[in-house]
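Open the model in your viewer and keep the sequence panel visible. The tour begins at one helix and then moves outward to the rest of the chain.

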Amino acid sequence: MEQKNLLKENERIDDLQRNGYRIIQDPERFCFGMDAVLLSGFATVKDGARVLDLGTGTGIIPLLLSAKTGAAHLTGLEIQADSADMARRSVALNGLEEKIDIVTGDIKEAGRIFDAASFDVITCNPPYMIGRHGLKNPEDAKAIARHEILCTLEDVAEQTAKLLKPGGKFFMVHRPFRLAEIMVTLKKYKLEPKRMQLVYPFVDKEPNMVLLEAARGGRPRMTVEKPLIVYREPGVYMAEIYDIYGY
């Protein structure tokens, strides 16, 4: 399909700086952020693994993991039909139809959509904000991506526990202010926290993201990695961030 036929009104094609891959985005709906890129850099995926991304949006994480890892197959689950359609067109744009599937569906129904214990790795960049406080339009794509309108942290953990193979890995990016709740919820569903990294915008600021790895049925022992600092100065990334982005 010609590139121009893949685009709809207000959409654009962005270069992902990896393997020549590109992604279709609509700035009026929702564009992927640094959190998705950092999660793709934090996740470890073995060759031949089957990967599921919960709430995949426009498919950024499956695309990046396809470029960065030897995963055999990746699936993205997305409840918003327009976003899922955009993700499928990005998959087609990169000729990855045999390697990446985009499924339109609800995270809360994931355990019914997919076979139990069928994935080696599950990733998620979930909505960070609790409830609908301050929302003008709960149907808005950006609101759904940022607020727990259609799924909660507990929904994500519950479905992940059903779909991961024993010993399988779960990778998530979230906000530090919910860290205590995250740990309790993961352990409730036998997803043992194994690795954590805090992300700081600047060296002298509080962390604004946390990257987490958990293992289904893992033994209690967690490694806290050195902090990840994003900016050396305003507008200038630290070298490690450039490496993750692939610049």
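Select residues 179-188, which form helix α8. This is a predicted model. Within α8, the buried residues are Leu179, Ile182, Met183, Thr185 and Leu186. Residues three or four places apart in an α-helix point the same way, because there are 3.6 residues a turn.

What covers the buried residues of α8? Add α7 (153-163), β7 (164-174), β8 (191-200) and β9 (209-216) to the selection; the cover includes these elements. Then step just past the end of α8 to Lys190, where phi is positive, at about 60°.

Next, go to the largest nonpolar core, a set of 39 residues. Start with Met34, Leu38, Val51 and Ile241, which have the most contacts inside this core. Colour the elements that give two or more residues to the core: α2 (34-42), α3 (60-68), α4 (81-93), β5 (100-104), β7, β9 and α9 (239-245).

Stay on Leu38 and show what surrounds it. Leaving out residues up to four places away in sequence, Leu38 touches Val199, Met209, Leu211, Leu228, Ile241 and Ile244. Another core, of 28 residues, lies apart from the largest one. To find it, select Leu153, Ala157, Ile182 and Leu191, which are among its members. Ile182 leads back to α8, where it is one of the buried residues.

Finally, show the whole chain. The protein chain has nine helices and 13 strands, and 50% of its 247 residues are buried. Of the contacts between residues at least 6 apart in sequence, 69% join residues at least 24 apart. Switch on the surface: the chain exposes about 11,900 Å², with 50% of that supplied by carbon and sulfur atoms.

Methods: Residues numbered from 1 in each chain as written. Predicted model: local features only at pLDDT ≥ 70, side-chain atom pairs only at ≥ 80, totals over all residues. Heavy atoms only, no water. Buried < 20%, exposed > 50% of the residue type's maximum accessible area, 1.4 Å probe, protein only. Helix = DSSP H or I, 4+ residues; strand = E, 2+ residues; numbered from the N terminus. Contact = heavy atoms within 4.5 Å. Areas by Shrake-Rupley, 256 points an atom, 1.4 Å probe, with all protein chains shown as cover. Core = buried A, V, L, I, M, F, W, Y, C linked by side-chain atoms within 4.5 Å.
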